Amino acid sequence: MVRLHVKRGDESQFLLEAACGARLAELAPLVARIYNGRLKVQRLCAEMQELAEHGVYLPLNMQGLTEEQIEELQLKDEWADKCVPSGGSVFKKDEIGRRNGHAPNEKMQQVIKKTIEEAKALISKKQVQANVCVTMEMVKDALDQLRGAVMIVYPMGLPPHDPVRMELEDKEDLAGTHAGLEVIKESEAQLWWAGKELKETKLLSDYVGKNEKTTIIVKIQKKGQGAPGREPLISHEEQKQMMLYYYKKQEELKKLEEDDDDSFLNAEWADSHALKRQFHGVKDIKWGPR
C-alpha cells in the first residue's frame, strides 16, 4: 500500500494508505471525507466542552440578553426543563450568553471531558508522528464515542438548535463562518503531489509507479485554488538540527583557537633552559642596576 502523508498548506493532517491501482476519482473524495470528518470531530469537541461547562444552548432570541431584558421581553426557554442532565445540574453562568448555565454535575462533566480527549486522540495530528494511518472508520468511531457520551449525560436529548445536536445529526450550518471556509466539498477536492495536480482520470500508479512501499506527501486543495506551495528541500526540524550542528562546530573552533594561544611560552615553567641555569647557579640573575 502507498502511504499518503496528507497536508493542507504546510500543515500535516493525517496518514492514509491506498493501493497503487487506486483511481484518483475515488481517492480524492475519500481524502476530503476524512479531512472534513476530522474537522467535524474538532468542532463537536469544542461545543461539547462548552456543554459540559455551561449546559445546553439557549434559543437564538435569548442569546446575549441580560436577565432583566429576558424578563422585560417575557421570553422563556421551553427546553430548559426538558433537557436536564443526568444526576442534576450545577449553575455556572455563561459569560458569553450562549448557554443556559445549568451545567452537568462534576461526575457527568468528567464523562464528557474524558470522551472528548479520547476522540481527539483518535484523529489527532500526532498520529502522523506516531506513524499511524487514519481511516474513515476511526473518524466514525470518534463521532460515535461523542454521541454516546451526550446520550449518557443528556438521556432526554438536547434542544434542536443546540450545535452539539446539529453536528451529530449533520444539520450544522457553517455558512459565513471560519469553520465553513475550512471544509472542502468532496466534489471540489483536488490532490497535488510534487507540484503536479493528480488528475481524476488517472490511477495513483500513473504518478508514483507500482512500488507499494512508497510514501508521498500530497496536498489537498479546493479546485480552482491553483497549485499549493512546494515542500521545502529540508524540513523545519532538519533546519533546526543543521543550525544546532553548525553552532556547535563554531564553538569548537573558537575553543581550538583559544587552545592554540602560545602566550604560555613566556611562563617560567615553559623555559627549556631553566634547569641548566639552576645547576650553574645562575638562576634569577638580574642585569639591571639595583
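Let's start with the empty space: the largest pocket in this predicted model holds about 550 Å³. Its lining is made up of 22 residues, and the ones closest to the centre are Leu58, Glu67, Ile70, Arg99 and Asn100. Helix H2, which covers residues 67–72, gives the largest share of that lining, with three residues. Sort the lining of the largest pocket by class and you get nine charged residues, seven nonpolar and six polar.

How do we find such spaces in the first place? Rolling a probe the size of a water molecule over the atoms shows where empty space is left.

Next comes the second largest pocket, with a volume of about 410 Å³. Here, too, 22 residues do the lining, and Asn36, Lys40, Arg43, Glu172 and Val183 sit nearest the centre. Three helices are worth picking out in your viewer: H1 (24–54), H5 (136–153) and H6 (163–168) each supply at least two residues of this lining. As for chemistry, the lining of the second largest pocket counts twelve charged residues, seven nonpolar and three polar.

Now go back to the beginning of the numbering. Strand E1 (residues 2–8) runs antiparallel to strand E2 (residues 11–18), and seven bridges join the two. To get your bearings on the pairing, take valine 6, whose bridge partner in E2 is phenylalanine 14. E1 and E2 make a hairpin with two residues between them, and glycine 9 in the turn has a positive phi of about 70°. One thing to keep in mind when looking at side chains here: in a regular strand they alternate between the two faces of the sheet.

Technical notes:
Residues are numbered from 1 along each chain as its sequence is written. This is a predicted model: local features need pLDDT of at least 70, side-chain atom pairs count only at pLDDT 80 or more; totals for chains, interfaces and linings use all residues. Side-chain values use heavy atoms; hydrogens and water are left out. On a 1 Å grid over the protein atoms alone, a cavity is a set of points where a 1.4 Å probe fits but cannot get out, and a pocket is an open set with protein on both sides within 12 Å along at least five of seven lines; lining residues have an atom within 4 Å of a point. Grid points are joined across faces, edges and corners, and a volume is the space filled by probe spheres set on the points. Helices (H or I, at least four residues) and strands (E, at least two) are DSSP runs, numbered from the N terminus. Ala, Val, Leu, Ile, Met, Phe, Trp, Tyr, Cys and Pro count as nonpolar, Asp, Glu, Lys and Arg as charged, and the others, Gly among them, as polar. Two strands pair if DSSP finds at least two bridges between them.
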